[in-house]
Amino acid sequence: MFTEEMIESITKVEAKRKVNAALEPRRMSADEKDEVLRKFHPDYIKEQFVKLEMGVNKGENVPLELADLLQGKSRIKASSVNLNSPTYDVDVLVIGGGGAGSAAAIEAHRAGANVLVTTKLRIGDANTMMAEGGIQAADKPNDSPEIHFLDAYGGGHFAAKKSLLKKLVTEAPETIQWLNGLGVEFDKDASGSMLTTHGGGTSKKRMHAAKDYSGAEIMRTLRDEVLCEGIEVVDFSAAIEIILDEKGHAAGAVLMNMETKELCVARAKTVIIATGGAGRIHYQGFPTTNHYGATADGLVLAYRVGAKLLYPDTLQYHPTGTAYPQQIFGALVTEKVRSLGAKLVNKEGDVFMHPLETRDVAAASIIKEVRETKGGITTPFGEGVWLDTPMIELKNGEGTIESRIPAMLRMFSKYNIDIRKVPILVYPTLHYQNGGIDINTDCMSDDVENLFVAGEAVGGIHGRNRLMGNSLLDVVVFGRDAGKSAASKAKEVTIGKLTLAHLANFEKQRTDAGITSKTESPKLLPHYAREV
Amino acid sequence: MSANKMVHVYLMGKKYEVPEDLTIMTAMEYAGYELVRGVGCRNGFCGACATIYRIKGDQELKTCLACQTKVEEDMYIATLPFFPLVKKLYNIEDITPNEQLMMQLYPEIYSCVGCNACTKACPQDIKVMQYIAYAQRGEFDKCAEESFDCVMCGICSSRCPAGISHPQVALLARRINGKYLVPESAELKERVIEIQDGKFEDFISTLMEKPVDEVKNLYNNRDIEI
């Protein structure tokens with residue numbers, strides 16, 4: 001299974017394991033972090049970004065691949081859609097069936113709104129389902145929401161929109177309670193006290209988890225609740241354009257059946273974009289931990305109707321994507337592995353950094369270790385460094401891996417790698433869209449009335465880097481709040497005449513800006529089929 | 001690693017030659033399929049890619065997740081992108097977590113014939129029949145623990161002669177366990193009340209109003225719990 005070079009290196013890792021496990025590596029200074037980010041983080045590679053030539057964010061830098069989609073052509077002409085006979089006519093339209101969309105649907109429904117959830121794959125097919133490590137909340141006596149705020153604000157390079165971050169941290173404990181009340185199982189001790197650990201960049205142990213299926217446990221429970229409450233869900237139905245009314249307010253969406261390509265209209269008093277992230281865009285050619293449907297659709301939909309984006313130039317590369325074997329290349333190795341005591345070591349078996357630096361710093365440090373220090377281990381399709389998983393049981397006792405990170409144990413055991421006995425090879429992988437649509441504390445765009453956003457499609461909650469466990473938190477906090485706000489707003493909305501005139505305007509802006517690309521957007525799904 | 005070695009697989013009965021180190025899912029894409037159904041997280045968490053296969057010459061019908069399984073020579077592959085599980089509706093606030101509950105909602109679990117086909121078919125190696133036995137006895141905590149790694153792909157139910165929707169039974173057991181059986185966190189409850197009472201409001205507001213250099217200083221010198 002392993003190459004000879006790997007086996008030789010593993011011997012060195014084993015020889016130093018006991019010493020390494022006991023080590024408390026030094027954390028980097030602020031200046032050291034800045035330097036490693038500047039030199040090695042993919043967000044800092046200038047030629048990978050381009051200025052937008054049109055739209056609300058004109059003149060701002062975004063990744064090349066995103067610019068192509070944001071400035072792309074609509075998939076349809078306004079004339080191919082009959083706006084006069086909507087198939088669905090509801091109070092609140094939720095676009096996306098992940099954690100944020102489901103939480104929004106539940107709260108909007110409970111607030112008395114008639115809700116429709118539309119999703120391009122199945123409800124629950126989302127990055128939420130794949131989140132492994134945990135969810136943050138400051139509920140321990142030695143912790144508090146303002147410490148949580150400081151950790152997240154600093155970890156995000158002091159760029160977070162403070163009003164949103166405040167919401168995130170102060171609503172966190174109640175969110176955990178709400179989830180627990182729905183029946184989400186959290187790791188607890190016999191008395192009911194939450195078992196919590198560190199994540200990268202946390203100063204207190206506030207990472208709550210459900211083994212390493214934290215997101216799956218939350219997602220399957222939210223999905224069950226959506227179904228139990230009788231909320232209408234339409235699967236395999238992608239929103240491809242937002243519909244406005246004559247006042248320029250969001251008033252529905254054009255939906256496309258993913259299998260038959262049939263178009264239909266959903267009219268709604270308020271619209272919630274909860275379409276998630278963008279890993280399947282494969283920025284800079286990186287592999288991704290993300291779901292098949294993570295293609296930045298919400299950003300495209302919103303941009304086309306004039307909603308501003310915040311920090312669309314910053315992505316999160318998770319430090320520990322699987323570097324070997326090939327079948328799971330790029331797959332997430334949860335940060336919880338490091339929270340439980342595994343350290344990052346190079347080919348000589350030496351620890352080269354503190355394992356719980358923030359994700360951007362950790363990813364940049366691994367890239368540095370491989371490119372500059374030459375401490376990487378060669379694989380048949382790249383390089384990686386060791387994440388020394390056997391340290392976990394050395395530190396916490398036998399059985400810890402099976403009880404706390406069973407998904408990791410299973411994922412590698414399918415390829416005959418027993419992570420209790422041998423370390424695993426990791427390298428950064430595209431994980432999270434830090435930026436997104438700019439919203440106010442009611443979760444609504446300031447630019448487009450009645451357009452709400454929740455989850456990974458939002459920009460600014462975390463600033464320019466996100467801490468582990470703050471995304472599962474934000475999808476539920478902002479999902480619920482968006483649902484409540486959208487339902488409340490719907491009560492005072494009278495929809496005007498529906499229009500798609502903005503499509504022609506957008507096309508004109510493209511022409512005026514001299515954009516000739518034929519790319520159609522939103523992308524909806526990546527193209528992995530081999531040309532045959 | 002011999003990257004170029006090829007194997008033969010039969011996708012829905014049609015023969016293709018694909019590299020041997022691909023998963024079933026990537027082999028389908030190699031063959032030219034643009035997937036919409038039967039694909040989801042591609043990491044073994046979502047259960048979208050339930051798959052049935054048989055190796056030529058073998059009697060046994062095998063099951064797996066397409067994203068988590070390597071192709072083999074002479075593999076006959078059929079995908080199962082959707083399975084009609086029975087999902088009963090309930091209000092989690094109103095239910096009483098006792099043995100009668102399963103009898104009311106999922107009475108078919110008592111028709112289990114003990115064939116163990118569910119367990120044999122589970123791609124997550126869960127003891128499915130065992131957790132159904134726990135559910136029958138109203139032992140929701142054990143059912144929850146045994147079924148925890150379920151991705152709800154539905155393969156177990158596709159093999160069940162009694163028509164049981166195992167993943168839905170397990171999900172109900174886990175919700176009951178999470179909500180009613182495991183003790184609540186007293187610290188969490190306390191903290192929620194403190195926040196509602198506005199205890200931290202001033203601290204956060206003060207922090208938010210500080211000049212950024214002061215906040216940077218606080219951040220760079222904060223205590224980190226060991």
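**Two helices across chains, two domains within one**

In this predicted model, helix α6 (residues 145–155) of chain A packs against helix α9 (residues 201–209) of chain B at an angle of about 25 degrees, with their axes 9 Å apart. Axes here are lines fitted to C-alpha atoms, for helices over the stretch in contact, with angles running from 0 to 180 degrees between N-to-C directions, while helices (H or I, at least four residues) and strands (E, at least two) are DSSP runs numbered from the N terminus. The angle therefore makes α6(A) roughly parallel to α9(B), a term for angles under 35 degrees.

On the α6(A) side, P145(A), E146(A), F149(A) and L150(A) meet F203(B), I204(B) and L207(B) of α9(B), contact meaning that C-beta atoms, placed from the backbone, lie within 7 Å. By class, this contact has 6 nonpolar, no polar and 1 charged residues.

Chain A itself is divided into domain 1 (4–40 + 316–430) and domain 2 (78–314 + 434–501), with bounds from an automatic or database domain assignment. Their C-alpha centres lie 31 Å apart, and the contact takes 26 residues from domain 1 and 27 residues from domain 2. On the side of domain 1 of chain A that touches domain 2 of chain A, β12(A) gives the most, with 4 residues, and the residues of that side divide into 12 nonpolar, 8 polar and 6 charged.

Residues are numbered from 1 along each chain as its sequence is written, and chains are lettered from A and ligands numbered from 1 in the order in which they are written. Local features need pLDDT of at least 70 and side-chain atom pairs count only at pLDDT 80 or more, whereas totals for chains, interfaces and linings use all residues.

How values were computed. Parallel < 35°, antiparallel > 145°, perpendicular 65-115°, else oblique. Contact = placed C-beta atoms within 7 Å. Nonpolar A, V, L, I, M, F, W, Y, C, P; charged D, E, K, R; others polar.
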